[in-house]
Amino acid sequence: MSAPLTKVRVLVRSLLPARADVAEMGRSPRRDLLAGLTVAIVALPLALGFGVSSGLGAQAGLATAVVAGALAALFGGSRLQVSGPTGAMTVVLVPIAAQHGPGGVLTVGLLAGVMLVALALLRAGKYMRYVPAPVVEGFTLGIACVIGLQQIPNALGVPAPEGDRVLMVTWRALEAFAKAPNWTAVALAAAVAVVMLAGARLRPAIPFSIVAVLAATLVAQLFHLEGARPIGELPSALPAPSLGFLDASALGSLLAPAIAVAALAALESLLSASVADGMTAGSRHDPDKELFGQGLANMAAPLFGGVPATGAIARTAVNVRSGASSRLAALTHAAVLAVIVFAAAPLVSKIPLAALAGVLIATALRMVDVASLKAMAKATRSDALTLVLTAAATLALDLVYAVVIGLAVAGVLALRAVARQARMDAVPLERAEHSAEEHTLLAEHIVAYRIDGPLFFAAAHHLLHDLHQAADVRVVILHMSRVSTMDATGALALKDAVRTLNRRGITVLACGIRSEHRQVLKAVGALDLLRPEGHEYATAHEALAGARTRLQRAGVLPAVPVQNARPDRSTREGSVR
């Protein structure tokens, strides 16, 4: 077998479930089964709510939780991750559903799944760890705001206004409520949210979301509340897999949304897997395998009418806290939800939309970690600015633009901070081998500068400004041993400064040029300018000796008698190349 085929075979095998994963599921089956049941109870109202919010209905949310939840658990890179429909993904899907309809959402999910598998094969998972914490916090804050605002129409009991901008839709819903108030819906949504938030504080182990939803459903049915619109009829089984939604002519226009969905699924799933790692000792997820599992899940879910899925942080946290130790827990969660689809569809169909809105509003509020936001705001101004801009972009634009803007702002501010660390200071000349009188004379004709930090595009021109201003000297010595990094822009700026000094009759000598910087200096033609006559000095002492020799040859300094002269080390030992 050829080497490329062998590499492909090894790569694919590394992404498939291992025997250890299967064996692990038999170690603590009771704990995993109980954890999976607990997660399913928590996930049921969320799956229904996010399905409704996406525009494809509650059945789409359930199909996603069952199909994607099972495949991601089996093929994913985290043994504790729970996947399904999430609020962040819903935020992206709403405008897609408004513009392209349900078929567009399903097509986008399928395309995103293919992209995630491709990212896994390209080993791109490791790059997700470079997303800065302020971007993640701002992203989460913005998502929480969008999720909460998306629930306003159902919480107010008004039909969802048309539009894909959440702020505009919210405003129109408020106008509709002002014309025809529905206090029943408001009361149900508020009651569910309060019970969930208060219950989470008093008894975190109890799934108050399902308790509150069941109570709201019973009240609505017993008292025949007219303002409590139910979810509506649900199918009693998952539909047969089908590609009937796929429209080949629309693939071009859906490519950009699919990239956005794939990027969000990758980001949120890997963040959720990292949270699971942090909650358990010795647990480490495989990012590429996680992308592969999420890719397969998103390729399969649309075939059953499901929306795109990601790893769900809240459900994953419940899974870990409930004692899960293997993938069996997440598989159990999917199986329990499948049973609910078969056995309890008539009951689930009677859940008021306002109750689900209350669940999601409470979920959005619990997503906001006030302590983390305060910490980021107090850390540095750059972190605070990145967080605020990312959150604002999430609310005003969309999630992908928000992440791009957050990364761009964080990158620019980081470059600014690094550039400020670069310094160029004048340093005194050594006095080891000459008298005080000669040292004074040397100081009149020689100036030495030490460059500290990065010499790159963001700092070079500002850093070398003082070098251009050097005057009334014959030789400039540059100490370059502390230059941490150098790019072509920095090397060109240095070359420009040296040429400017050379035109004014000033010789520039460099010492301590690091080996990793020689290539870029040579490439732009700056290296030869820094070592006139082929001499390159390793130390400041050698550079000063070379400068003194030049001044003596030029007649600026008196010649040293031969018997008293010490040889120039740069000449004696040869140039350093």
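**Figure 1. The lining of the largest pocket divides into 25 nonpolar, 8 polar and 6 charged residues.** The model shown in this and the following views is a predicted one. The pocket in this close-up has a volume of about 1400 Å³. Its lining is made up of 39 residues, and those nearest the centre are I313, A314, A317, R321 and R366. Several helices take part: α3, α5 (87-121), α6 (133-150), α9 (183-202), α10 (208-222), α11 (251-279), α13 (313-321) and α16 each give at least two lining residues. Some of these helices come back in the views below, so keep their names in mind.

**Figure 2. The second largest cavity has a volume of about 40 Å³.** How many cavities of 30 Å³ or more does the structure hold? There are 5 of them, and this view looks at the second largest. Its lining consists of G49, V52, S53, Q151, N154, L353, L356, A357 and L360. Two helices, α3 (29-54) and α16 (353-367), each contribute at least two residues to this lining. The largest share belongs to α16, with 4 residues. Sorted by class, the lining has 5 nonpolar and 4 polar residues, and no charged ones. Both α3 and α16 also supply at least two residues each to the lining of the largest pocket, which makes this a handy companion to Figure 1.

**Figure 3. Helix α4 spans 26 Å from its first C-alpha to its last.** This helix covers residues 58-75, 18 in number, and its reach is close to the 26 Å expected at 1.5 Å a residue. Is α4 enclosed by the rest of the structure or open? Of its 18 residues, 14 are buried, so α4 is largely enclosed by the rest of the structure. A58 can be picked out here together with P239: the two are 181 residues apart in sequence, yet 14 Å separate their C-alpha atoms in space. P239 sits in the loop between α10 and α11, and with a relative accessible area of 39% this proline is partly exposed.

**Figure 4. Helix α5 bends by about 125° at H100.** What distance separates the end C-alpha atoms of α5? They are only 27 Å apart, although the helix has 35 residues and a straight one would reach 51 Å at 1.5 Å a residue. A proline, P102, follows the bend at H100 within four residues. After α5 comes R123, with a positive phi near 60°. R123 belongs to the loop between α5 and α6, and its relative accessible area of 28% makes it partly exposed. Readers who return to Figure 1 will meet α5 and α6 again, as each supplies at least two residues of the lining of the largest pocket.

**Figure 5. H224 has a positive phi, near 50°, though it is not a glycine.** This histidine is located in the loop between α10 and α11, the loop where P239 is also found. Is H224 buried or exposed? With a relative accessible area of 64%, H224 is exposed. Compare R123 from Figure 4, another residue that is not a glycine, where phi is positive at about 60°.

**Figure 6. The count of aromatic pairs comes to 2.** F177 and W183 make up one of them, an edge-to-face pair with 5.1 Å from centre to centre and 85° between the planes. F177 counts as buried at 11% relative accessibility, whereas W183 counts as exposed at 58%. F456 and F457 form a pair as well: their ring centres are 5.3 Å apart and their planes lie at 70°, so this pair is edge-to-face too. The angle settles the matter, because planes over 60 degrees apart count as edge-to-face. F456 is buried, at 9% relative accessibility, while F457 is partly exposed, with a relative accessible area of 48%.

**Figure 7. M486 lies in strand β6, which runs over residues 483-486.** Where in space is M486 relative to L455? The C-alpha atoms of M486 and L455 are 4.8 Å apart, with the two positions 31 residues apart in sequence numbering. M486 is buried, with a relative accessible area of 11%.

Methods
Residues numbered from 1 in each chain as written. Predicted model: local features only at pLDDT ≥ 70, side-chain atom pairs only at ≥ 80, totals over all residues. Heavy atoms only, no water. 1 Å grid on protein atoms, 1.4 Å probe; cavity = no way out; pocket = protein on both sides within 12 Å on 5 of 7 lines; lining within 4 Å. Points joined across faces, edges and corners; volume = space filled by probe spheres on them. Nonpolar A, V, L, I, M, F, W, Y, C, P; charged D, E, K, R; others polar. Expected span 1.5 Å × (residues − 1). Buried < 20%, exposed > 50% of the residue type's maximum accessible area, 1.4 Å probe, protein only. Bend = angle between axes of the 7 residues up to and from the residue. Phe/Tyr/Trp six-rings, centres within 6.5 Å; stacked < 30°, edge-to-face > 60°.
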